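User: Please take a close look at a single part of the model shown here. I would like one connected account of that part and of what surrounds it.

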Amino acid sequence: MLPLSACAGCGLHHQCVCDLVPHFDTPIHIALLMHENELNRETNTGQWLLKAIPSTSQHIWQRKAPCPQLMALINNEQYQPYLVFPGEQSLPLSQANSVSTEAGKTPLFIILDGTWQEAGKMLRKSVWLAGLACVHLQPSEQSNYQLRRNQQQGHLCTLEVGAEIIKSIGLSNEAKQLDDFFCHYMRVFKADKSGHTLRL
């Protein structure tokens with residue numbers, strides 16, 4: 001018997017989830033600065049933000065030079081850029097939203113899409129990121145991410161970070177749609193790797 005081909009959209013062999021991805025608009029822009037290793041990882045979750053939210057963009061990180069498309073967004077007068085990364089000087093997400101609104105600008109949230117170690121390296125080796133204001137999340141729940149080993153407590157995956165950002169601007173229902181889809185996808189993903197559809 002020939003092996004089943006994978007869906008071009010979700011990458012699954014036994015049970016496509018493409019029709020279940022939520023779709024909605026937001027008044028913010030989320031930019032995923034993706035480590036090149038993420039391009040070949042089936043467990044990458046940023047792909048679902050790109051599929052769900054039109055105002056999300058993907059940019060590949062390069063050590064020696066910033067991405068021109070992302071720099072154009074950062075330097076665009078209509079955006080107020082923030083790097084989503086915790087630190088001593090980082091602002092709470094809610095405060096960043098308020099500052100942007102008062103300035104009449106669209107918040108541009110840049111998420112470092114990679115492992116925690118890769119994200120730290122991206123930040124250290126990208127001088128052009130150093131001048132950006134940083135924001136931190138205050139999630140009410142622990143991460144539900146189950147697709148990679150050795151995940152550190154308190155760290156969220158890229159999709160969960162996106163959902164927290166969406167929730168912070170008052171789109172709680174949309175954030176729940178993302179979370180619900182992702183929980184279902186993780187179950188389907190595990191079943192797919194075991195060679196069958198999800199057994200309810």
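Analyst: Strands β3 and β5 pair in the parallel sense over five bridges; two strands count as paired if DSSP finds at least two bridges between them. Within this pairing, Gln80 has Pro107 of β5 as its bridge partner. The model is a predicted one, in which local features need pLDDT of at least 70 and side-chain atom pairs count only at pLDDT 80 or more, while totals for chains, interfaces and linings use all residues. Residues are numbered from 1 along each chain as its sequence is written, and side-chain values use heavy atoms, with hydrogens and water left out. Helices (H or I, at least four residues) and strands (E, at least two) are DSSP runs, numbered from the N terminus.

β5 also pairs with β1, again in the parallel sense, over six bridges. His29 stands opposite Leu108 in β5, and Leu33 has Leu112 of β5 as its bridge partner. Seven of the eight residues of β5 are buried, so the strand is largely enclosed by the rest of the structure. Here, buried means under 20% relative accessible area, exposed means over 50%, and partly exposed lies in between (1.4 Å probe, protein chains only).

The partner strand β1 is likewise largely enclosed, because six of its six residues are buried. Both of its faces are covered: His29, Ala31 and Leu33 are buried on one side, and Ile30, Leu32 and Met34 on the other. β1 pairs in the parallel sense with β2 as well, over five bridges, and Met34 stands opposite Ile60 in that strand.

The nonpolar surroundings come next. A nonpolar core is a set of buried Ala, Val, Leu, Ile, Met, Phe, Trp, Tyr and Cys residues joined through side-chain atoms within 4.5 Å. The largest such core has 37 residues, of which Phe109 and Ile165 touch the most other members. At least two residues of this core come from each of β1, α1, β3, α3, β5, α5 and α6 (172-193). The largest share, nine residues, is supplied by α6. Leaving aside neighbours within four places in sequence, Phe109 is in contact (heavy atoms within 4.5 Å) with Ile28, His29, Ile30, Ala31, Tyr82, Val84, Leu93, Ala96, Asn97, Val135 and Ile165. Another core, of 18 residues, lies apart from this one and has Ala31, Tyr79, Leu83 and Ile110 among its members.

Three of the residues that touch Phe109, namely Leu93, Ala96 and Asn97, are, with Ser100, the buried residues of helix α3 (residues 93-102). These buried residues cover an arc of only 100° around the axis, which puts them on the same side of α3; the arc is that of the directions from the helix axis to the C-beta atoms. β5 (106-113) belongs to what covers them, as do β3 (79-84), β4 (91-92), β6 (133-136) and α5 (158-168). Just after α3, Gly104 takes a positive phi of about 70°.

Charged pairs complete the picture. The structure holds five salt bridges, each a side-chain nitrogen of Lys or Arg within 4 Å of a carboxyl oxygen of Asp or Glu. Arg41, partly exposed at a relative accessible area of 25%, meets Glu38 in one of them (2.6 Å, N to O), and Glu38 is buried at 3%. Arg41 also forms a salt bridge with Glu118, with the closest N and O atoms 2.8 Å apart. Because Arg41 lies in the loop between β1 and α1 and Glu118 in helix α4 (residues 116-124), this pair ties together parts that are 77 residues apart in sequence. Glu118 is itself buried, at 10% relative accessible area. In helix α5, Lys167 and Glu164 lie three residues apart, about one turn of the helix, and form a salt bridge whose closest N and O atoms are 3.7 Å apart. Lys167 counts as partly exposed at 33% relative accessibility, whereas Glu164 is buried at 16%. Through shared partners, salt bridges join Glu38, Arg41 and Glu118 into one network.
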